[in-house]
Every structure is written in C-alpha cells, then in structure tokens.
2 protein chains.
Amino acid sequence: MVIPSDQTQSAWCALYRVHKIFHEQVEAELKAANLPPLTWYDVLWELEKTEHCGLRAYELQPKLLLPQYGMSRILTRMEAAGLIQKQECPEDGRGQVLGITEAGRTTRAKMWAIYGKLMHDMLGAKLSEEETTTLAALLNKLAK
Amino acid sequence: MVIPSDQTQSAWCALYRVHKIFHEQVEAELKAANLPPLTWYDVLWELEKTEHCGLRAYELQPKLLLPQYGMSRILTRMEAAGLIQKQECPEDGRGQVLGITEAGRTTRAKMWAIYGKLMHDMLGAKLSEEETTTLAALLNKLAK
DNA sequence: TGAAAATAGATGCAGTTGCATTTAAATGCA
DNA sequence: TGCATTTAAATGCAACTGCATCTATTTTCA
C-alpha cells in the first residue's frame, strides 16, 4: 500500500483548494457581468488565435481537454449565442470548420478584462516573479 | 487594463491543466473500481477524523468548500448508500449529527488505496521532496 | 413573552454533464 | 468496386449542479 508523503498530500490538497477558489471566483465574476463561463473563453481564444487557418472541432477538443460530446454541445450553444459560426467543410462532409464572429471577439475581450484581472490579483500579485516562474515550472513537470 | 505577466499566465494555465488531469484520472479510476466520486471521500474522511465529537452538516460544508444545497444532496445520497448516518440532533431540532458507518469506513479505505496511489504516482513521484515542499508552500500562499 | 430575524437543511426547476448510442461520411482493403 | 472499419459529430437518457425558494426550528431583543 503506497502512502503519499505528508508534503505530497499537502501539495495535492493545496492544488485542489487553490483551483477551486480561483475557478469559483472567476465564474462568479463572469456571471455577475453577464458573461459566459470560462470554458467558452478558451474556445474563443483558440479560434481567435487560429483565425486564418480555420479550426475543426476535433482539433479543438484535445487542446481544451474536453470530451467529444462536451465539445459538441458547447459549440452548439456558442453558435446559438452568435459567438462562433460553423461552416460546412469542403474536404470532409462529416465535419465543419469553426470561426469566431465579431460578437465572439467582443465577448472574448470583455471576458479577458475580468479574467486577466483576476489572474493577476489572485496569482500574479501574490507571488514574486521568481516564485511565479518556479510555480509554473513545477506544475509543468506534473502535467506530463 | 491589467495584463497578467507571461509567467502568471503560464502558472495559471498549468494549474488548471494539472488539476484537470489529476481530477479526471482519479475519478476514472474510482469509477472503474465501482467506487463513489472523490467528494464523497472528503466527507468520509472528515467524519472519520471527528468520529468522537459528531459533526454537523454546516460544519462540514466550509471545510469542503461546497454550497449548502450541494452538501445537503451529497449527504442524502451517501446516507442512501449506507455510508453515513444522520441522527437527530438533541440540541437543535433543525439539524442532524452526522456519523460514518462501518460500510463508510470500508469504502473510504478502498478509495484511499486508489486515491493515495495516484497522489503518489502523479505528484509525489514526479518531484523531489524539496520541490514538493516548495510547491505546497507556493500554493498555500495563493489559498488565502 | 412574543414577533421579527437568523439559521439548518431540503427541494423544484432549468440547465449541464457523463455515458452509450446513433447518424453520416471517409477510409481501408479483399 | 464494394463491404467492413474508422472517424466526425450529434443526441436520448439519467444523474448532477446552480439558483431560488421553502419549511422548520432557534435566536434576538423590544
């Protein structure tokens, strides 16, 4: 029976706690500003970054670590909200090419005003530059 | 307009990614072993720790960072599953005192066999002791 | 004391998720 | 070529969540 060390348990719990605090705060402020949830931000951002080449749903999915059906439903809602558009894909009749709309760009910018500020207030402002770099490096070691 | 630094953004994203990877892996392995979700573990653990004094739902709630209705529903399900029991509270007719059952203890132990192992494999084994301590310290700075 | 305020907990409803399956198109290969 | 396999995406269903509200007690304090 493997028992994780005290430091391991402490780091694990802190990771969970910090994530939860961050996440709920962001969602709460987005909602209070009548903006969509954080997942939508990631979709909008990916689409804005790759606007030229046109992204497919199945390409987006692994980037956001979402299940296939989750991706499908988010895209349906986002299209209904007018933030993205799905165009028929000429090379593949099963699929679609995703694009961000003008409204999508605007919404993403509004979201970033809130999201970016919280990222700074809750993380950036609480650690020194060096500490932040260390934290990112340690976390990245765990992400593989 | 506040823009978080690159390190801040990098740390933030890594935090989200690592949390998601960890969480999904744990949930998947628990489910594969026919065990309840992780939240239940926390409830069981808190109850096991404070067995002597008897915990109330409203005391448990802030520990687990759950909303009131979330707590209420989890406790209903866990009681239905026979893992905890709610007793009438002598000092407060509105409330109940929570206790873990024998089945609850057994289930928690089974869950820990999986959870603890993953905690070690995914976190403890990937960092040195010193790194783990640093990570915990940095995260704890953020949790306030 | 007794009426208003606060607290413990449950619940109806609408929206969201996980899972399994389905539809439809593309690919592989005998 | 033509049938089996794989892949892209959607969806029915049951379980779960957030929100607001409700019930039942307990506390407060005029």
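A polar contact here is a pair of N or O atoms within 3.5 Å. That cut-off applies to the protein–DNA contacts on this tour of a predicted model.

**Stop 1: DNA strand C**

Select B:Gln68 together with DNA strand C. A polar side-chain atom of B:Gln68 sits 2.7 Å from a base nitrogen of the strand, inside the 3.5 Å limit for a polar contact. Next pick B:Lys86, where an N or O atom of the side chain is 3.1 Å from a phosphate oxygen of DNA strand C. Then add B:Arg56: an N or O atom in its side chain is 3.2 Å from a sugar or linking oxygen of DNA strand C.

Now widen the selection to the residues around the strand. DNA strand C is surrounded by 19 residues, and the closest are A:Tyr69, A:Arg73, B:Gln68, B:Ser72 and B:Arg94. Of the strand's atoms that come within 4 Å of the protein, sugar and phosphate make up 59%. Colour the surface near DNA strand C by residue class and the division is five nonpolar, five polar and nine charged.

Which elements supply at least two residues each of the surface near DNA strand C? They are α4 of chain A, and α3 (57–64) and α4 of chain B. The most comes from α4(B), which gives four residues.

**Stop 2: DNA strand D**

Move to DNA strand D and select B:Arg73. An N or O atom in the side chain of B:Arg73 is 2.7 Å from a base oxygen of this strand. Two further selections concern phosphate oxygens of DNA strand D. One is A:Lys86, with a side-chain N or O atom at 3.1 Å from such an oxygen; the other is B:Arg77, with a polar side-chain atom at 3.3 Å.

Around DNA strand D there are 19 residues, the closest being A:Ser72, A:Arg94, B:Tyr69, B:Arg73 and B:Gly93. Sugar and phosphate account for 57% of the strand's atoms that come within 4 Å of the protein. The surface near DNA strand D comprises nine charged, five polar and five nonpolar residues.

Show the secondary structure here. At least two residues of the surface near DNA strand D come from each of α3 (57–64) and α4 (68–80) of chain A and α4 (68–80) of chain B. With four residues, α4(A) gives the most.

**Stop 3: A:Arg56 and its contacts**

Select A:Arg56 in strand β1 (residues 55–56) of chain A. Is this residue buried or exposed? A:Arg56 has a relative accessible area of 13% and is therefore buried. Leaving aside neighbours within four places in sequence, A:Arg56 is in contact with A:Cys89, A:Asp92, A:Gly95, A:Gln96, A:Val97 and A:Leu98.

**Stop 4: B:Thr50**

Switch to chain B and select B:Thr50, in the loop between α2 and β1 (55–56). Its relative accessible area is 16%, so B:Thr50 is buried. The side chain of B:Thr50 reaches the backbone oxygen of B:Glu46 at 2.8 Å.

**Stop 5: the interface of chains A and B**

Select each chain's residues in contact with the other: 53 residues of chain A contact 53 residues of chain B. About 5300 Å² is buried between the two chains, and carbon and sulfur atoms give 73% of that area. On the chain A side, A:Trp12, A:Leu65 and A:Leu142 lose the most area to chain B, together 14% of what that side buries.

Keep A:Trp12 selected. It belongs to one aromatic cluster with A:Tyr16, B:Phe22, B:Tyr41, B:Trp112 and B:Tyr115.

**Stop 6: aromatic pairs**

Over all chains there are 12 aromatic pairs. In chain A, select A:Tyr41 and A:Trp112, a stacked pair with centres 6.0 Å apart and planes at 25°. A:Tyr41 lies in helix α2 (residues 38–49) and A:Trp112 in helix α5 (residues 102–122), 71 residues apart, so the pair links distant parts of the chain. Both A:Tyr41 and A:Trp112 are buried.

In chain B, select B:Tyr41 and B:Tyr115, whose rings form an edge-to-face pair at 5.1 Å centre to centre with 80° between the planes. B:Tyr41 is in helix α2 (residues 38–49) of chain B and B:Tyr115 in helix α5 (residues 102–122) of chain B, so this pair ties together parts that are 74 residues apart in sequence. B:Tyr41 and B:Tyr115 are both buried.

Note on methods
Residues numbered from 1 in each chain as written. Chains lettered and ligands numbered in written order. Predicted model: local features only at pLDDT ≥ 70, side-chain atom pairs only at ≥ 80, totals over all residues. Heavy atoms only, no water. Phe/Tyr/Trp six-rings, centres within 6.5 Å; stacked < 30°, edge-to-face > 60°. Buried < 20%, exposed > 50% of the residue type's maximum accessible area, 1.4 Å probe, protein only. Polar contact = N/O pair within 3.5 Å; in protein donor to acceptor, adjacent residues only side chain to side chain. Near = heavy atom within 4 Å. Nonpolar A, V, L, I, M, F, W, Y, C, P; charged D, E, K, R; others polar. Contact = heavy atoms within 4.5 Å. Buried area = accessible area lost by both parts, 1.4 Å probe.
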